[in-house]
Amino acid sequence: MAAVGCCRRFCRAGWQPTLQFIRHGSKSVTRHWKPMHFLRQKLMAVTEYIPPKPPIPLECMPQVKPVAKEDGFVKLLHRQVEETFRENNMIAICQYNYAPGYDIILMRHRLRKYNIHAKFFPSEVVRTFLMESKYKNLLPLFVGRNVLLVSPETRAQEMLRVLKRIPQINLLGACVDNTIMSKEGFTNYAKLPSVEATQGEVVGALSLLPSQTSALLQRGPVHLISLLDQYVKQQNGKGAEGKEGGDC
């Protein structure tokens with residue numbers, strides 16, 4: 001009784017016993033696993049939820065750029081560039097830096113004396129034309145502001161003479177008779193004589209050989225004739241001396 005009273009007193013004070021009795025034993029199993037019926041498996045497979053595919057992000061979608069319609073003025077510039085390259089035999093590409101308007105007018109006036117014209121076209125228009133033409137190697141020259149010096153004739157010396165007076169315009173390259181040249185190549189080409197002078201030299205060289213040949217062929221007969229004349233003169237002199245001796 002004393003122990004029971006002591007236990008009640010400790011429990012009231014909040015004391016918990018250190019020993020607790022726990023029941024150990026087998027649990028009662030009321031449900032066992034059974035395989036699903038075949039029809040139920042088919043029904044579950046048919047009615048299985050299929051989540052929708054996530055939409056393709058816009059970054060992965062092929063973006064179709066809207067085709068920009070060319071302005072009428074751009075078409076006109078394209079036509080002018082094509083005509084410039086088709087109708088001129090000499091096309092020089094120059095870098096155009098800032099220069100006073102009076103110097104540009106004076107340069108154009110000096111170039112017109114030799115039938116050379118200055119053409120100003122946007123680089124984008126010229127590059128678009130060159131990409132689809134046979135002058136693709138000229139593309140690296142069209143960077144920044146450029147000016148084209150064109151002429152239906154080949155006037156390289158005259159053009160270089162005019163450009164020396166205007167340092168704001170620098171020669172980058174040229175195309176002469178469908179032949180692309182660098183700045184050094186064009187400068188060397190300008191030092192060559194004209195076509196008329198070259199033709200005259202060729203004709204002179206060709207006519208010199210036949211004249212020398214004819215002179216060599218005629219040298220033998222002429223020398224023979226001179227020798228025969230000299231022999232005839234000597235024989236006539238001897239005959240005259242013989243006659244004089246007989247008379248005496």
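Reply: Let's start with a term: a residue counts as exposed when its relative accessible area is over 50%, as buried when that area is under 20%, and as partly exposed in between. Keep in mind that the model you are looking at is predicted.

Me: Okay, let's try the term out. Is Asn178 buried or exposed?

Reply: Asn178 has a relative accessible area of 54%, so this residue is exposed. You'll find Asn178 in the loop between strand 4 and strand 5.

Me: And what about Asp177, buried, exposed or partly exposed?

Reply: With a relative accessible area of 46%, Asp177 counts as partly exposed. Asp177 belongs to the loop between strand 4 (169-176) and strand 5 (179-182).

Me: How do I read phi in that loop?

Reply: Here's the general idea: most residues other than glycine have a negative phi. Now look at the loop. Asp177 has a phi near 55°, which is positive although the residue isn't glycine. Asn178 also has a positive phi without being glycine, with a value near 60°.

Me: Let's zoom out. How many helices and strands does the chain have?

Reply: Eight helices and five strands. Walking from the N terminus, you meet them in the order α-α-α-β-α-β-α-β-α-β-β-α-α.

Me: What share of the chain is buried?

Reply: Of the 248 residues in the chain, 21% are buried. There's another whole-chain number to look at: among contacts with a separation of 6 or more, 78% are between residues 24 or more positions apart.

Me: Now a single helix. How do I read which side of it is buried?

Reply: An α-helix has 3.6 residues a turn, so residues three or four places apart point the same way. Try that on helix 5, which spans residues 123-131 and has Ser123, Val125, Val126, Phe129 and Leu130 buried. These buried residues cover an arc of only 160° around the axis, so they lie on the same side of helix 5.

Me: Which exposed residues are on the face turned away from that buried side of helix 5?

Reply: Glu124 and Met131.

Me: And what covers the buried residues of helix 5?

Reply: The cover includes helix 3 (72-87) and strand 3 (146-151).

Me: How do I describe the way two helices pack?

Reply: Two packed helices are described by the angle between their axes and the distance between the axes. For helix 3 and helix 5, the axes come within 10 Å and cross at roughly 60°. That's why these two helices, helix 3 and helix 5, are called oblique to each other. Their crossing is right-handed. On the helix 3 side, the contact is made by Leu77, His78, Val81, Glu82 and Phe85, while helix 5 brings Val125, Val126, Thr128, Phe129 and Leu130. Sorted by class, that contact of helix 3 with helix 5 has seven nonpolar, two polar and one charged residues.

Me: Can we do another pair? At roughly what angle do the axes of helix 6 and helix 7 cross?

Reply: Helix 6 (residues 156-163) and helix 7 (residues 183-190) have axes that cross at roughly 115° and come within 8 Å. This crossing of helix 6 and helix 7 is left-handed. Ala156, Gln157, Met159 and Leu160 of helix 6 meet Phe186, Thr187, Tyr189 and Ala190 of helix 7. By class, this contact of helix 6 with helix 7 has six nonpolar, two polar and no charged residues.

Me: How many of the residues in helix 6 are buried?

Reply: Six of its eight, so helix 6 is mostly covered. The buried ones in helix 6 are Ala156, Glu158, Met159, Leu160, Val162 and Leu163.

Me: What covers those buried residues of helix 6?

Reply: Their cover includes strand 1 (90-96), helix 4 (101-112), strand 3, strand 4 and helix 7.

Terms used: Residues are numbered from 1 along each chain as its sequence is written. This is a predicted model: local features need pLDDT of at least 70, side-chain atom pairs count only at pLDDT 80 or more; totals for chains, interfaces and linings use all residues. Side-chain values use heavy atoms; hydrogens and water are left out. Buried means under 20% relative accessible area, exposed over 50%, partly exposed in between (1.4 Å probe, protein chains only). Helices (H or I, at least four residues) and strands (E, at least two) are DSSP runs, numbered from the N terminus. The arc is that of the directions from the helix axis to the C-beta atoms. Contact means heavy atoms within 4.5 Å. Axes are lines fitted to C-alpha atoms, for helices over the stretch in contact, and angles run from 0 to 180 degrees between N-to-C directions. Angles under 35 degrees count as roughly parallel, over 145 as roughly antiparallel, 65 to 115 as roughly perpendicular and the rest as oblique. A crossing is left-handed if the near helix is turned anticlockwise from the far one by less than a right angle, and right-handed if clockwise. Ala, Val, Leu, Ile, Met, Phe, Trp, Tyr, Cys and Pro count as nonpolar, Asp, Glu, Lys and Arg as charged, and the others, Gly among them, as polar.
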